[in-house]
Amino acid sequence: MRCKLTIQSENSYVILKYMVSLENGEIVKGHPEEGLAHMEFVTGYNQVIPGLERRVIGLSQGDEVEITVNPDEGFGPYDPGLIQEKTFTEFPEGVNLEEGRWVRAINPQHRVTFGYLVLEKKTDRIVLDYNHPLAGKALIYQVKVEMVREANQDELEILRPCEFGEAGVPSTE
(Lines give C-alpha, C1' and ligand atoms only; values in the text may rest on other atoms or scores of the structure.)
Protein backbone atom coordinates (compact mmCIF):
# COMPACT_ATOMS: atom_id res chain seq x y z
CA MET A 1 0.00 0.00 0.00
CA ARG A 2 1.42 3.40 -1.04
CA CYS A 3 1.45 6.30 1.36
CA LYS A 4 -0.60 9.28 0.34
CA LEU A 5 1.79 12.16 -0.23
CA THR A 6 0.88 15.52 1.24
CA ILE A 7 1.90 18.84 -0.21
CA GLN A 8 5.05 20.09 1.50
CA SER A 9 6.21 23.71 1.72
CA GLU A 10 9.11 23.02 -0.69
CA ASN A 11 9.77 20.75 -3.65
CA SER A 12 6.31 19.19 -3.99
CA TYR A 13 5.18 18.93 -7.61
CA VAL A 14 1.46 19.69 -7.53
CA ILE A 15 -1.33 19.49 -10.10
CA LEU A 16 -4.58 21.25 -9.22
CA LYS A 17 -7.93 21.44 -10.98
CA TYR A 18 -9.70 24.60 -9.88
CA MET A 19 -12.24 27.31 -10.37
CA VAL A 20 -11.66 30.82 -9.05
CA SER A 21 -14.42 33.34 -8.51
CA LEU A 22 -14.94 36.69 -6.83
CA GLU A 23 -17.10 37.43 -3.79
CA ASN A 24 -19.92 38.60 -6.08
CA GLY A 25 -19.97 35.14 -7.74
CA GLU A 26 -18.29 36.21 -10.99
CA ILE A 27 -16.19 33.33 -12.31
CA VAL A 28 -12.64 34.39 -13.15
CA LYS A 29 -11.23 31.07 -14.38
CA GLY A 30 -12.49 27.53 -14.72
CA HIS A 31 -16.16 26.56 -14.71
CA PRO A 32 -18.07 23.79 -12.93
CA GLU A 33 -19.93 22.71 -16.11
CA GLU A 34 -17.52 23.79 -18.85
CA GLY A 35 -14.38 22.44 -17.21
CA LEU A 36 -12.08 23.36 -14.38
CA ALA A 37 -8.81 25.18 -14.95
CA HIS A 38 -5.53 23.28 -14.60
CA MET A 39 -2.43 24.41 -12.69
CA GLU A 40 0.96 22.73 -12.20
CA PHE A 41 3.68 24.08 -9.91
CA VAL A 42 6.45 23.18 -7.51
CA THR A 43 6.01 24.52 -3.99
CA GLY A 44 8.50 26.94 -2.52
CA TYR A 45 9.37 28.81 -5.73
CA ASN A 46 6.74 31.59 -5.93
CA GLN A 47 5.10 30.11 -9.00
CA VAL A 48 1.56 30.79 -7.73
CA ILE A 49 0.09 33.54 -5.59
CA PRO A 50 1.30 33.24 -1.98
CA GLY A 51 -2.10 32.85 -0.34
CA LEU A 52 -3.05 29.90 -2.53
CA GLU A 53 0.26 28.09 -2.09
CA ARG A 54 0.22 28.61 1.68
CA ARG A 55 -3.27 27.10 1.96
CA VAL A 56 -2.65 23.96 -0.14
CA ILE A 57 0.31 22.88 2.01
CA GLY A 58 -0.74 19.79 3.96
CA LEU A 59 -3.39 18.74 1.43
CA SER A 60 -3.19 15.33 -0.29
CA GLN A 61 -4.11 13.92 -3.67
CA GLY A 62 -7.90 13.75 -3.97
CA ASP A 63 -8.60 16.49 -1.44
CA GLU A 64 -11.24 19.04 -2.47
CA VAL A 65 -11.40 22.36 -0.61
CA GLU A 66 -12.56 25.94 -0.86
CA ILE A 67 -9.80 28.49 -0.29
CA THR A 68 -10.29 32.22 0.08
CA VAL A 69 -7.28 34.37 -0.72
CA ASN A 70 -7.49 37.96 0.46
CA PRO A 71 -5.97 40.76 -1.65
CA ASP A 72 -2.87 41.09 0.54
CA GLU A 73 -1.93 37.46 -0.32
CA GLY A 74 -3.20 37.62 -3.90
CA PHE A 75 -2.77 40.50 -6.32
CA GLY A 76 -2.40 43.17 -3.66
CA PRO A 77 -4.61 46.07 -2.66
CA TYR A 78 -6.10 48.39 -5.25
CA ASP A 79 -3.77 51.42 -5.43
CA PRO A 80 -5.37 54.68 -6.63
CA GLY A 81 -1.81 55.97 -7.16
CA LEU A 82 -1.53 53.66 -10.16
CA ILE A 83 -4.13 55.67 -12.07
CA GLN A 84 -2.41 58.10 -14.42
CA GLU A 85 -3.73 60.77 -16.70
CA LYS A 86 -1.62 61.46 -19.78
CA THR A 87 -2.04 63.92 -22.60
CA PHE A 88 -1.89 62.64 -26.15
CA THR A 89 1.31 64.68 -26.53
CA GLU A 90 2.91 62.60 -23.73
CA PHE A 91 1.30 59.38 -24.89
CA PRO A 92 0.44 59.56 -28.61
CA GLU A 93 -0.58 55.87 -28.72
CA GLY A 94 -3.54 56.80 -26.49
CA VAL A 95 -5.38 58.39 -29.41
CA ASN A 96 -6.11 54.93 -30.85
CA LEU A 97 -7.14 53.22 -27.60
CA GLU A 98 -10.74 52.47 -26.65
CA GLU A 99 -12.23 53.34 -23.27
CA GLY A 100 -12.90 50.25 -21.14
CA ARG A 101 -10.34 48.05 -22.91
CA TRP A 102 -7.34 46.28 -21.39
CA VAL A 103 -4.09 46.90 -23.22
CA ARG A 104 -0.84 44.96 -23.03
CA ALA A 105 2.28 47.02 -23.48
CA ILE A 106 5.68 45.57 -24.33
CA ASN A 107 9.00 47.33 -23.83
CA PRO A 108 11.44 45.27 -25.94
CA GLN A 109 14.45 47.28 -24.76
CA HIS A 110 13.88 46.24 -21.12
CA ARG A 111 12.02 43.00 -21.92
CA VAL A 112 9.07 44.07 -19.80
CA THR A 113 5.38 43.42 -20.44
CA PHE A 114 2.62 45.07 -18.44
CA GLY A 115 -1.06 45.77 -18.77
CA TYR A 116 -3.35 48.68 -18.11
CA LEU A 117 -7.01 49.56 -18.38
CA VAL A 118 -8.17 52.56 -20.38
CA LEU A 119 -10.47 54.12 -17.77
CA GLU A 120 -11.45 57.23 -19.66
CA LYS A 121 -10.70 58.89 -22.95
CA LYS A 122 -11.08 62.66 -23.19
CA THR A 123 -10.60 64.97 -26.17
CA ASP A 124 -6.95 65.73 -25.36
CA ARG A 125 -5.95 63.09 -22.82
CA ILE A 126 -6.44 59.56 -21.55
CA VAL A 127 -6.81 58.08 -18.05
CA LEU A 128 -5.03 54.75 -17.49
CA ASP A 129 -5.24 52.30 -14.58
CA TYR A 130 -2.09 50.22 -14.05
CA ASN A 131 -3.55 48.08 -11.23
CA HIS A 132 -3.83 44.34 -11.84
CA PRO A 133 -7.45 43.51 -12.79
CA LEU A 134 -7.77 41.42 -9.59
CA ALA A 135 -6.08 43.93 -7.25
CA GLY A 136 -8.17 44.63 -4.18
CA LYS A 137 -10.35 41.56 -4.70
CA ALA A 138 -10.67 38.42 -2.60
CA LEU A 139 -10.31 35.26 -4.70
CA ILE A 140 -12.37 32.19 -3.89
CA TYR A 141 -10.82 28.98 -5.17
CA GLN A 142 -12.62 25.64 -5.46
CA VAL A 143 -9.64 23.29 -5.59
CA LYS A 144 -9.18 19.59 -6.24
CA VAL A 145 -5.68 18.18 -5.75
CA GLU A 146 -5.15 15.94 -8.78
CA MET A 147 -1.59 14.86 -8.07
CA VAL A 148 1.21 15.31 -5.53
CA ARG A 149 4.74 13.96 -5.79
CA GLU A 150 8.28 15.05 -5.01
CA ALA A 151 9.74 17.32 -7.68
CA ASN A 152 12.33 15.47 -9.76
CA GLN A 153 15.87 16.63 -10.52
CA ASP A 154 14.99 17.99 -13.97
CA GLU A 155 12.27 20.21 -12.48
CA LEU A 156 14.55 21.42 -9.69
CA GLU A 157 17.36 22.22 -12.14
CA ILE A 158 15.03 24.62 -13.93
CA LEU A 159 13.95 26.24 -10.65
CA ARG A 160 17.40 26.33 -9.02
CA PRO A 161 19.93 26.56 -11.88
CA CYS A 162 22.70 28.02 -9.69
CA GLU A 163 22.69 24.93 -7.48
CA PHE A 164 23.40 22.54 -10.35
CA GLY A 165 26.47 22.33 -12.57
CA GLU A 166 26.35 22.24 -16.33
CA ALA A 167 25.85 18.47 -16.34
CA GLY A 168 23.01 18.67 -13.81
CA VAL A 169 25.27 17.72 -10.94
CA PRO A 170 24.92 19.70 -7.71
CA SER A 171 27.71 22.23 -7.35
CA THR A 172 30.31 21.45 -4.66
CA GLU A 173 31.46 25.06 -4.26
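**Chatting through the model, starting at H38**

Colleague: Where does H38 sit?

Modeller: H38 is in strand β3. Keep in mind that this is a predicted model.

Colleague: Sure. Is H38 buried or exposed?

Modeller: In between: H38 counts as partly exposed, because its relative accessibility is 42%, and the buried class stops under 20% while the exposed one starts over 50%.

Colleague: And what does H38 touch, once you skip residues up to four places away in sequence?

Modeller: Skipping those, H38 touches I15, L16, K17 and Y18. There's also a polar contact of 2.8 Å between the side chains of H38 and E40.

Colleague: How far is H38 from N96?

Modeller: They are 36 Å apart in space, C-alpha to C-alpha, with their positions 58 residues apart in sequence.

Colleague: You mentioned L16. What else is L16 in contact with?

Modeller: Leaving out neighbours within four places in sequence, L16 is in contact with A37, H38, M39, F41, V56, V143, K144, V145 and E146.

Colleague: OK, cores next. Which residues in the largest nonpolar core touch the most other members?

Modeller: That core has 22 residues, and the ones touching the most other members are L16, L52, V56, L139 and Y141. Two or more residues each come from β1 (12–22), β3 (37–42), α1 (50–56), β4 (64–69) and β9 (139–150). There is another core apart from that one, with 10 residues, including L97, V103, L128 and Y130.

Colleague: Why would those side chains group like that?

Modeller: As a general tendency, nonpolar side chains in soluble globular proteins are buried together.

Colleague: Which nonpolar residues form a patch on the surface, though?

Modeller: Y78, I83 and L119 do, and together they have about 230 Å² of accessible area. L119 is part of strand β7 (residues 112–121). With 34% relative accessibility, L119 is classed as partly exposed.

Colleague: Switching to charges. How many salt bridges are there in the whole structure?

Modeller: The search turns up 8. One of them is between the side chains of E73 and R54, at 2.8 Å from N to O. That pair links distant parts of the chain, since E73 is in the loop between β4 and β5 (83–87) and R54 is in helix α1, 19 residues apart.

Colleague: Is E73 buried or exposed?

Modeller: E73 is buried, because its relative accessibility is 15% and the cut-off for buried is under 20%.

Colleague: What about K122, which acid does its side chain meet?

Modeller: The K122 side chain meets E85 in a salt bridge, 3.7 Å from N to O. K122 is in the loop between β7 and β8 (125–129) while E85 is in strand β5, so this pair ties together parts 37 residues apart in sequence. K122 is partly exposed at 32% relative accessibility, and E85 is partly exposed too, with a relative accessible area of 40%.

Colleague: And how close do E85 and R125 come in their salt bridge?

Modeller: Their closest N and O atoms are 3.4 Å apart. This pair also links distant parts of the chain, with E85 in strand β5 and R125 in strand β8, 40 residues apart. R125 is partly exposed, with 24% relative accessible area. Through shared partners, salt bridges join E85, K122, D124 and R125 into one network.

Colleague: Backbone stuff now. What's the phi of N46?

Modeller: It's positive, about 55°, although N46 is not a glycine. N46 is in the loop between β3 and α1, and with a relative accessible area of 70% it is exposed.

Colleague: And R111, where is that, and what's its phi?

Modeller: R111 also isn't a glycine, and its phi is positive at about 55°. You'll find R111 in the loop between β6 (102–107) and β7. R111 counts as exposed, at 78% relative accessibility.

Colleague: Last one: T43. Where is it, and is it buried or exposed?

Modeller: T43 is in the loop between β3 and α1. T43 is buried, with a relative accessible area of 0%.

Colleague: What does the side chain of T43 reach?

Modeller: It reaches the backbone nitrogen of E10, at 3.5 Å. Not counting residues up to four places away in sequence, T43 touches I7, Q8, S9, E10, N11, S12, V14 and E53.

How values were computed: Residues are numbered from 1 along each chain as its sequence is written. This is a predicted model: local features need pLDDT of at least 70, side-chain atom pairs count only at pLDDT 80 or more; totals for chains, interfaces and linings use all residues. Side-chain values use heavy atoms; hydrogens and water are left out. Patches are made of residues with over 30% relative accessible area and no salt bridge: like charges are joined within 9 Å, nonpolar side chains (Val, Leu, Ile, Met, Phe, Trp, Tyr) within 5 Å. Accessible areas come from the Shrake-Rupley method with a 1.4 Å probe; for residues, only the protein chains shown count as cover. A salt bridge is a side-chain nitrogen of Lys or Arg within 4 Å of a carboxyl oxygen of Asp or Glu. Helices (H or I, at least four residues) and strands (E, at least two) are DSSP runs, numbered from the N terminus. Buried means under 20% relative accessible area, exposed over 50%, partly exposed in between (1.4 Å probe, protein chains only). A nonpolar core is a set of buried Ala, Val, Leu, Ile, Met, Phe, Trp, Tyr and Cys residues joined through side-chain atoms within 4.5 Å. Contact means heavy atoms within 4.5 Å. A polar contact is a pair of N or O atoms within 3.5 Å; within protein, one must be able to donate a hydrogen and the other to accept it, and residues adjacent in sequence count only if both atoms are side-chain atoms.
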